[in-house]
Amino acid sequence: MRRAIYPGSFDPVTFGHIDMIERSAKIVDELVVAILNNSAKNPLFSVEERVSMLKEITNHVPNVKIQFFDGLLIDYAKKIEATIIIRGLRAVTDFEYELQIAQTNRIVNSEIDTIFLTTSLEYAYLSSTIVKEVASYGGDISHFVPEQLIPQIYEKYKI
Ligand code: ADP
C-alpha cells in the first residue's frame, strides 16, 4: 500500500490545501494529512481545532486520514510507514526552502521521497497568513476558505 503524508500547519486550512488534498489522494492509496503541533509557531487555532476543521472539510475524500504530530516530520513519516511526503509549490519563493528540506530528509531517510505538486493557478496567491490578515480586519474570506469554517475564523478576532 502506498501511503503518503501531507504535512503542514493548516492554521487555518484553505482552498489551496483542500485542492492539494483532493489531488494527492488520487495518486496514493492513503493520504495522511499531518498537522504540525508546534506551539512555538503560536498558531491561531489549537491542534484539536485544526483536526476538527480538516476532518469536516475532507469527509468527501475516503482515503484521507487526519492526524497531528510533534517533532521531526521524517521520523513521524517513518513511524506511520509513509513512503512519500507531499508538499505544495506556489512560487519560486517556496522552492528554495522546500528543496533544502526535501534534500535533508532524503539524507536522513532515503526510503522516503518528497513529491511536489504545483499549486492550481486559482490558488497560487493563497496562504493561511493571507486568510488571517484579511479576517483580522473583518474582510471577506469566502474566496479563501470553505463557508462552514468562516464563523470559527472570525470568532478568533471577535468579529
Ligand atoms: P507550512 O507551515 O508547513 O508551510 P502550510 O499549512 O502553510 O504549512 O502549508 C502546508 C503545505 O501546503 C505546504 O506544502 C504548502 O506549500 C502547501 N500550500 C499552502 N497553500 C497552498 C496553496 N494555495 N496551493 C498549493 N499548496 C499550498
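User: Which residue has a side-chain N or O atom 3.3 Å from a nitrogen atom of the ligand?

Analyst: This is a predicted model. In it, a nitrogen atom of the ligand has a side-chain N or O atom at 3.3 Å. The protein covers 88% of the 550 Å² of accessible area that the ligand has on its own. The residue that supplies the side-chain atom is R90.

User: How far is an oxygen atom of the ligand from an N or O atom in the side chain of K41?

Analyst: K41 is among the closest residues around the ligand. S9 is also among them, and its side chain has an N or O atom 2.9 Å from a ligand oxygen. For the K41 side chain, the distance to an oxygen atom of the ligand is 2.8 Å.

User: How many residues surround the ligand?

Analyst: The ligand sits in the largest pocket. Its closest neighbours are Y6, S9, K41, G88 and Y123. By class, the shell has six nonpolar, six polar and three charged residues. The number of residues around the ligand is 15.

User: Which elements each supply at least two residues of the shell around the ligand?

Analyst: The shell draws on both strands and a helix. One contributor is the helix at 15-27, and the strands span 3-8 and 84-89. In order along the chain, these elements are β1, α1 and β4.

User: Is F10 buried or exposed?

Analyst: F10 lies in the loop between β1 and α1. Its phi is near 50°, a positive value in a residue other than glycine. The relative accessible area is 3%, under the 20% cut-off, so F10 is buried.

User: Which residue does a cis peptide bond join to D11?

Analyst: The omega of this bond is about 0°. The partner of D11 is found in the loop between β1 and α1. That partner is P12.

User: Is K158 buried or exposed?

Analyst: K158 is in the segment after α6 (150-156). Phi of K158 is near 55°, a positive value in a residue other than glycine. The relative accessible area is 77%, over the 50% cut-off, so K158 is exposed.

User: What is the C-alpha to C-alpha distance between S52 and R23?

Analyst: S52 has its place in helix α2, residues 47-58. With a relative accessible area of 38%, S52 is partly exposed. S52 and R23 are 29 residues apart in sequence. In space, C-alpha to C-alpha, they are apart by 21 Å.

Terms used: Residues are numbered from 1 along each chain as its sequence is written. This is a predicted model: local features need pLDDT of at least 70, side-chain atom pairs count only at pLDDT 80 or more; totals for chains, interfaces and linings use all residues. Side-chain values use heavy atoms; hydrogens and water are left out. A residue is near a molecule or strand if one of its heavy atoms lies within 4 Å of it. A polar contact is a pair of N or O atoms within 3.5 Å; within protein, one must be able to donate a hydrogen and the other to accept it, and residues adjacent in sequence count only if both atoms are side-chain atoms. Accessible areas come from the Shrake-Rupley method with a 1.4 Å probe; for residues, only the protein chains shown count as cover. On a 1 Å grid over the protein atoms alone, a cavity is a set of points where a 1.4 Å probe fits but cannot get out, and a pocket is an open set with protein on both sides within 12 Å along at least five of seven lines; lining residues have an atom within 4 Å of a point. A molecule sits in a cavity or pocket if more than half of its atoms lie within 2 Å of its grid points. Helices (H or I, at least four residues) and strands (E, at least two) are DSSP runs, numbered from the N terminus. Ala, Val, Leu, Ile, Met, Phe, Trp, Tyr, Cys and Pro count as nonpolar, Asp, Glu, Lys and Arg as charged, and the others, Gly among them, as polar. Buried means under 20% relative accessible area, exposed over 50%, partly exposed in between (1.4 Å probe, protein chains only).
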